[in-house]
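Visitor: I am new to this structure. Could you take me through its ligand site and its pockets?

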Amino acid sequence: MALLSRPLLMLSRSERVKQLVSSMPVSAGIVRSYVPGETTESVVDATAVLAENGVRSSLDFLGEDTLDTEQADATVMAYLDVLQQLSARGLTRMTEVSVKLSAIGQALPDSVAGGGHKIALENARTICRAARNAGTTVTLDMEDHTTTDSTLAILRDLRKDFPETGAVLQAYLHRTESDCRALAYEGSRVRLCKGAYDEPEEVAFQTDLDVDRSYVRCLKVLLAGQGYPMIATHDPRLVEIALSLASRYVREQGSYEFQMLYGIRPDEQRRLVKAGERVRVYIPYGQEWYGYLMRRLAERPQNLSFFLRSLISKS
Ligand SMILES: Cc1cc2nc3c(=O)[nH]c(=O)nc-3n(C[C@H](O)[C@H](O)[C@H](O)COP(=O)(O)OP(=O)(O)OC[C@H]3O[C@@H](n4cnc5c(N)ncnc54)[C@H](O)[C@@H]3O)c2cc1C
């Protein structure tokens with residue numbers, strides 16, 4: 001993790017910092033470069049523009065760590081709404097949704113209606129059913145390591161009825177190479193990313209080099225396997241390695257895909273599409289953009305200094 005990342009992620013948990021950043025219109029410039037808008041319409045419009053250029057999308061209604069069943073229900077409704085609007089505009093062939101289980105109840109205590117695990121499973125089932133009816137799929141985002149077992153258990157349950165449901169594995173976790181082996185079976189859609197949370201050394205690699213090496217080992221397992229790898233990285237070296245491994249394992253274009261975040265390396269996204277690769281952009285939207293923005297800034301100190309300069313100059 002970069003020198004500035006850990007303090008920034010800690011600072012981002014302060015309620016005062018959150019209020020300051022969230023209420024400042026100045027943040028709009030940098031927010032807009034990562035989040036196309038707060039409404040369903042704004043994200044469907046962004047999806048349509050990408051689709052015209054041959055780029056697929058996965059939409060994420062922002063919000064996580066819900067400790068309130070009403071909010072979890074509201075998140076489910078937001079997904080049903082966006083799926084309906086995508087379907088009405090003929091965009092579901094190019095667009096799926098990404099869901100954080102903590103936003104739909106996973107973090108709720110056991111005292112509430114059977115507990116968070118069960119609530120999240122039922123809510124995820126509702127979204128998967130709506131996605132299937134709309135002609136598209138769901139991918140379950142992966143959050144911090146304390147949720148990995150619960151998330152993979154929910155994935156296994158969902159796949160009994162909705163085998164098209166996508167998983168996410170994080171290369172920074174020691175366990176992930178073995179999880180990749182378990183999930184590299186036919187029809188299994190697996191997004192491989194480096195991982196975005198601040199994890200302890202007991203469970204996660206701590207240096208960039210070790211994370212990158214793990215990413216390559218996991219890529220080999222997924223590309224050599226029978227599943228559908230979704231290679232989520234902006235790292236130019238890893239993209240090149242993925243392309244050469246795809247050719248080594250005789251993978252046809254379209255039997256795997258590249259994924260990047262909205263607003264990051266758009267030229268590279270277009271270059272890959274032009275080269276015939278399948279590319280999907282992850283688009284977050286909604287009012288709860290704060291935590292997402294902080295994780296992106298933590299990954300990129302250049303953006304952080306730009307952000308702080310604009311805060312200071314406008315305050
Ligand atoms: C589609 C998608 C889905 C994801 N889903 C999850 C998930 O479910 N769970 C999870 O923990 N993480 C998720 N992530 C985040 C991921 O784990 C990483 O934190 C993030 O992608 C940065 O890692 P990287 O592979 O791009 O490499 P990095 O080493 O961070 O970056 C490599 C290069 O990419 C460019 N770059 C990276 N970040 C930025 C930026 N913010 N602004 C501008 N340029 C940048 C720079 O050129 C940089 O040198 C997802 C990422 C993607 C792309």
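What follows is a short exchange about the ligand, the pockets and the cavity in this predicted model.

Visitor: Where does the ligand sit?
Guide: Start with the space itself. One pocket has a volume of about 1,400 Å³. The ligand sits there, in the largest pocket.

Visitor: How many residues surround the ligand?
Guide: The closest are Lys-194, Gly-195, Thr-233, His-234 and Glu-299. By class, the shell divides into 11 nonpolar, 6 polar and 7 charged residues. The number of residues around the ligand is 24.

Visitor: Which element gives the most to the shell around the ligand?
Guide: Strand E4 (167-170), strand E5 (189-193), strand E7 (257-261) and helix H12 (290-299) each supply at least two residues of that shell. One of them gives 3 residues, the most to the shell. That element is E7.

Visitor: Which residue has a side-chain N or O atom 2.9 Å from an oxygen atom of the ligand?
Guide: Look at the polar atoms around the ligand. A backbone N or O atom of Gly-195 lies 2.6 Å from a ligand oxygen. For Thr-233, a polar side-chain atom lies 2.6 Å from an oxygen atom of the ligand. At 2.9 Å, the side-chain N or O atom belongs to Gln-170.

Visitor: What percentage of the ligand's exposed area does the protein bury?
Guide: Take the ligand alone to begin with. It then exposes 940 Å². Of that area, the protein buries 84%.

Visitor: Which residues lie nearest the centre of the largest pocket?
Guide: The lining has 48 residues. They divide into 21 nonpolar, 12 polar and 15 charged. Nearest the centre lie Lys-194, Gly-195, His-234, Arg-296 and Glu-299.

Visitor: Which element gives the most to the lining of the largest pocket?
Guide: Several elements each supply at least two residues, including helix H1 (5-11), helix H3 (27-34), helix H9 (208-224) and helix H13 (301-314). E4, E5, E7 and H12 also each supply at least two. The top contribution is 5 residues, and it comes from H12.

Visitor: What volume does the second largest pocket have?
Guide: Find this pocket by the residues nearest its centre: Arg-13, Glu-64, Asp-65, Gly-291 and Arg-295. Its lining has 29 residues. The space in this pocket is about 740 Å³.

Visitor: Which element gives the largest share of the lining of the second largest pocket?
Guide: Helix H2 (15-23) and H12 each supply at least two residues of this lining. The largest share is 4 residues. It comes from H12.

Visitor: How many charged residues are in the lining of the second largest pocket?
Guide: Go through the classes. The nonpolar residues number 7, and the polar ones 11. The charged count is 11.

Visitor: How many cavities of 30 Å³ or more does a search of the whole structure find?
Guide: The largest cavity has a volume of about 30 Å³. At the cut-off of 30 Å³ or more, the number found is 1.

Visitor: Which helix gives the most to the lining of the largest cavity?
Guide: Among the lining residues are Cys-128, Ala-131, Arg-132, Phe-162 and Glu-164. The whole lining has 4 nonpolar, 3 polar and 2 charged residues. One helix, covering residues 116-134, gives the most, with 3 residues. That is helix H6.

Technical notes:
Residues numbered from 1 in each chain as written. Predicted model: local features only at pLDDT ≥ 70, side-chain atom pairs only at ≥ 80, totals over all residues. Heavy atoms only, no water. Near = heavy atom within 4 Å. Polar contact = N/O pair within 3.5 Å; in protein donor to acceptor, adjacent residues only side chain to side chain. Areas by Shrake-Rupley, 256 points an atom, 1.4 Å probe, with all protein chains shown as cover. 1 Å grid on protein atoms, 1.4 Å probe; cavity = no way out; pocket = protein on both sides within 12 Å on 5 of 7 lines; lining within 4 Å. Sits in = over half its atoms within 2 Å of the grid points. Nonpolar A, V, L, I, M, F, W, Y, C, P; charged D, E, K, R; others polar. Points joined across faces, edges and corners; volume = space filled by probe spheres on them.
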